[in-house]
Structure formats: structure tokens, C-alpha cells
Amino acid sequence: MKKIERRNNINKTINSDDKKIIINYMKEWNKRGKNPKNPFVQLSKQLKNRYEPKAICNYWWNMLDPHLDHEPFTRDEKEYIYKWVENHQKSNGGNIQWKFLQPEIEKEFGKFRSLNGLKNIWNVKKRQLERTIKDEESKN
């Protein structure tokens, strides 16, 4: 019996037919009142176990969800993210809970952004700050 290799890197291997299966299943899932609790296990089975449920979940919430806005972030959005993260790091001991930023961005700017997109904006800024500090230390 041939062993089935399950993939986590869905982004590079998924085809348009599999995307349609996920989108259609999730539309029906929403209509049914989001039951079962974890639709991604069922989707993994429908896709013949080619992808892990977690990979399907991440792909849905970060790429396929029709509510997502995939346009580039504006300067105002980025500034809002930077300020929000700084405030929440101070009050939460450095822990950032991105799921709370997502609805605030939507309320403030009318754009539903992926959690990964929000994290990426902050991580780019964080690396820039770290490089600046490192450069200043090397000058001294």
C-alpha cells in the first residue's frame, strides 16, 4: 500500500478545483450555522487527505475568505497597527493578540485584513527597528 504524503504547504500545491471545493464547502458551512465546529477536518477528507486540516484552515482565513481585503496596506493602516501593537505590548506583558486587532482595523478603515497580513506589517517594522538599533550600537 502506497503511503499518502500529507502537505502543510498548501499555498504552493493547491489547484483551482481544490480551491473551489474549499470555497463551496465554507459557503455551505456558513449557511448551516457553522456546524460542525471544525469544518477543516471534513475538508481534509474531501480533498483526499492531501492537506492537513490546519493548512486548510490557515489558507482559508488568510487567502480565500471572501471578506478579506488583499489590497496593499495604507500608511494610515500601518501607523494604526504600530500604535496598537505598542499599546498592547505594554498592557499585556509583550503578548500581542492579533485576533483583537483585526476587528478594530475593520471598524476603523472598513477593510477586513488577514491575521498574517497584520503580523507581517508589524514584523517588518520590528526588524527595521532592530536593524536601526544594531547600526547605532555598532557606530558607538
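Ser 44 is buried, its relative accessible area being 1%, where buried denotes under 20% relative accessible area, exposed over 50% and partly exposed the range in between, with a 1.4 Å probe and protein chains only. The structure is a predicted model, in which local features need pLDDT of at least 70 and side-chain atom pairs count only at pLDDT 80 or more, whereas totals for chains, interfaces and linings use all residues. Residues are numbered from 1 along each chain as its sequence is written, and side-chain values use heavy atoms, with hydrogens and water left out.

Ser 44 belongs to helix α3, residues 39-46; helices are DSSP runs of H or I with at least four residues, strands are runs of E with at least two, and both are numbered from the N terminus. From this helix position, the side chain of Ser 44 reaches the backbone oxygen of Tyr 51 at 2.7 Å.

The largest nonpolar core has 15 residues, and those with the most contacts inside it are Ile 10, Ile 22, Met 26, Leu 43 and Ile 56; such a core is a set of buried Ala, Val, Leu, Ile, Met, Phe, Trp, Tyr and Cys residues joined through side-chain atoms within 4.5 Å. Two or more residues are given to this core by each of the elements α2 (16-31), α3 and α4 (53-64), and the largest share, five residues, comes from α4. Apart from this core lies another, of twelve residues, among them Ile 81, Trp 84, Trp 98 and Leu 118.

Helix α4 also holds Ala 55, which is buried with a relative accessible area of 6%. Ala 55 and Lys 134 are separated by 79 residues in sequence and by 36 Å in space, C-alpha to C-alpha.

Conventions:
A polar contact is a pair of N or O atoms within 3.5 Å; within protein, one must be able to donate a hydrogen and the other to accept it, and residues adjacent in sequence count only if both atoms are side-chain atoms.
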